[in-house]
Amino acid sequence: MEKILRFLRFGFSPWRIWMMGLYLILAVLISSAHSYAQELISVSGTVSDSTGIPLLGVSILIDGATNKGTTTDTDGNFKLTVSPAATLVFSGGTASIAERLIQSHEGYIDLLPAIPDGWKGEGAVKGLKARSNFTVDFSWKNGRVTSYRVTSPTARPLKVNVNGRMRNVLSKAFRQQ
């Protein structure tokens, strides 16, 4: 704005009018960018299941924005800076739940590696996928596996950690459809 006022003191020419318009446009753009930056708000919270257990690794994206978002940490916490009109999209909670029930990244299948106390009572899952194309069904009671079944397209040997004990088992074959 200062430069526009300086131009006014020295008279008008087409070039000066054009430059005043350019400076005015730049001033408006800078002003609106500054006010936009002031309108951003910080959003934070904890993502948890219906029993209050925090979920780690849940993706939180800003709807309509490309590659803008975050994931929850090990305690289910997240923090984002967004515009007040932003819509957040949460996804991936099922992967977090599955990781608490089964893990297979160490070369063996580990059943109930990180089950929270609130889930220990009783439960069952079917169709959880493990590495090397194994499918696992199992049930538990009081935090201990009561039965399990591992299937794969062809019967293959594998290791399964059940209730803290490593077992060598043979998967059951199933036909793929």
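This section describes a four-stranded sheet and the nonpolar cores of a predicted model.

The sheet is open, with strand order β6-β7-β11-β12 and mixed pairing. Its edges are β6 (102–103) and β12 (165–170), each of which pairs on one side only. Strand β7 spans residues 109–111 and runs antiparallel to β6, joined to β6 by two bridges. Here Ile102 has Leu111 of β7 as its bridge partner. On to β11 (residues 157–162), the sense of pairing with β7 is parallel, again over two bridges. Ile109 is bridged to Val160 of β11. Strands β11 and β12 are antiparallel and share six bridges. Among the partners, Asn161 is matched with Met166 of β12. Two residues lie between these strands in their hairpin, where Asn163 adopts a positive phi near 50°.

The largest nonpolar core holds 21 residues. Leu101, Ile109, Leu111, Val136 and Phe138 touch the most other members. Two or more residues come from each of α3 (93–101), β7, β8 (122–130), β9 (134–141), β10 (144–152) and β11. Strand β9 gives the largest share, four residues. Ile109 and Leu111 thus appear both in the bridging of β7 and among the core members with the most such contacts.

Phe138 reaches well beyond its sequence neighbours. With those within four places set aside, Phe138 contacts Leu101, Leu111, Leu112, Ala124, Val125, Leu128, Val145, Ser147 and Tyr148. A separate core of eight residues lies apart from the largest one; its members include Val47, Leu55, Leu80 and Val82.

Key:
Residues are numbered from 1 along each chain as its sequence is written. This is a predicted model: local features need pLDDT of at least 70, side-chain atom pairs count only at pLDDT 80 or more; totals for chains, interfaces and linings use all residues. Side-chain values use heavy atoms; hydrogens and water are left out. Two strands pair if DSSP finds at least two bridges between them. A nonpolar core is a set of buried Ala, Val, Leu, Ile, Met, Phe, Trp, Tyr and Cys residues joined through side-chain atoms within 4.5 Å. Buried means under 20% relative accessible area, exposed over 50%, partly exposed in between (1.4 Å probe, protein chains only). Contact means heavy atoms within 4.5 Å.
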